[in-house]
Amino acid sequence: MKTPKRLQPLVEDGLIDEVIGRLMSGKEADIYMVRCGEAVRCAKVYKEAAKRGFKQAVHYQEGRKVRSGRRTRAMQKGSKFGRDQQEKIWQTAEVDALRRVSAAGVRVPKPYDLLEGVLLMELITDDAGDVAPRLSEVVMSEEQALEDHALMMHYVVLMLCAGLVHGDLSEFNVLVDDYGPVVIDLPQAVNAAANNQAEAFFLRDVDNMRRYYGQFAPELLQSQYGREIWALYESGDLHPDSPLTGQVEEDTRAANVGDVLAEIKAAFDEEQERLERLRDSQE
């Protein structure tokens, strides 16, 4: 195929030998299959902020450290330099998160290079060499759903122990190869200790997994792994091998109506975004 404009610099620099084809086009990035020497890899071309469909990105960036005072001031003013720096931080955050959670034991694609807004990384395939499907495209038995859900709960625990929350974990951001689930898309990963929205993001991530796997294993629909894991994290008792039950003691205190309404609205907005992604994936 004709080399896309954003990939041309990598071709000229010899990092990419051939663009085989486009795998998908999302709100955040366009994904291409490329050949690099003997290896076939994945090239993630990030979209510019103005064209990116990721909502409320500022909430995900809270707590991220910027070493340069000049960069911080430029980003606050919204200058062109500041916007460019913000984009670089958004992109490098994914590379940093991939390396960090991989070191913690989470299966993620291996990153190779980040250049000109393009991330070269491992292409996840099955044993036949075909591109691994997204979790949203997979149908499984009840036994398999319980096994994979348990593994995903282990992964979110490992990420949290490493100080990170995925922030956008759903059936659209997990691939499935012959060895199980692989977590992808982490530019929005948040600092669990420094982001005020970390708990809300974490609970939503876990609930998304519960809802999807619960289609095949209904017993999961009543589980409360998110609340259980976060309670262990807040108390300082969460460890990579912490035993989980999926159950928590019910809070009998009177609910704050404002908080409940806010949660309902957030859930509604999330479902609308999920349906929109589903429509996009079917186009």
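**View 1. Strand 3 meets strand 5, with five bridges joining the two.** Strand 3 covers residues 39-46, and it runs antiparallel to strand 5. Bear in mind for this and every other view that the model is predicted. One pair to pick out here is Arg-41, which stands opposite Glu-122 in strand 5. As for its surroundings, strand 5 is largely enclosed by the rest of the structure, because four of its five residues are buried.

**View 2. Strand 5 also pairs with strand 4, here through four bridges.** Strand 5 takes in residues 118-122, and its pairing with strand 4 is antiparallel. Which residue of strand 5 is the bridge partner of Leu-115? That's Val-118. Further along, Pro-111 stands opposite Met-121 in strand 5. Strands 4 and 5 make a hairpin with two residues between the strands. Zoom in on Glu-116 in that hairpin: its phi is positive, near 55°.

**View 3. Pull back a little and you get the open sheet, built from five strands.** Reading across, the strand order is 1-2-3-5-4, and the pairing is antiparallel. Strand 1 (18-25) and strand 4 (111-115) are the edge strands, each pairing on one side only. Neighbouring strands of this sheet are turned by 25° against each other on average, direction ignored. As a general reminder, strands of a sheet pair through backbone hydrogen bonds.

**View 4. The second largest cavity has a volume of about 30 Å³.** The structure holds two cavities of 30 Å³ or more. What lines the second largest one? Val-156, Met-159, Leu-160, Leu-164, Val-165, His-166, Phe-202 and Asp-205 do. By type, that lining splits into six nonpolar residues, one polar and one charged. Helix 5 (142-161), strand 6 (164-165) and helix 6 (198-214) each supply at least two of the lining residues. Helix 5 gives the most, with three.

**View 5. Helix 6 runs for 17 residues and spans 24 Å from its first C-alpha to its last.** That reach is close to the 24 Å expected at 1.5 Å a residue. Phe-202 and Asp-205, both in the lining of the second largest cavity, are among the buried residues of helix 6. Others on the buried list include Ala-198, Phe-201, Val-206, Met-209 and Tyr-213. Arg-210 and Asn-208 are buried as well. When you look along a helix, it helps to recall that an α-helix has 3.6 residues a turn, so residues three or four places apart point the same way.

Note on methods:
Residues numbered from 1 in each chain as written. Predicted model: local features only at pLDDT ≥ 70, side-chain atom pairs only at ≥ 80, totals over all residues. Heavy atoms only, no water. Pairing = 2+ DSSP bridges. Axes fitted to C-alpha atoms, helices over the stretch in contact; angles between N-to-C directions. 1 Å grid on protein atoms, 1.4 Å probe; cavity = no way out; pocket = protein on both sides within 12 Å on 5 of 7 lines; lining within 4 Å. Points joined across faces, edges and corners; volume = space filled by probe spheres on them. Nonpolar A, V, L, I, M, F, W, Y, C, P; charged D, E, K, R; others polar. Expected span 1.5 Å × (residues − 1). Buried < 20%, exposed > 50% of the residue type's maximum accessible area, 1.4 Å probe, protein only.
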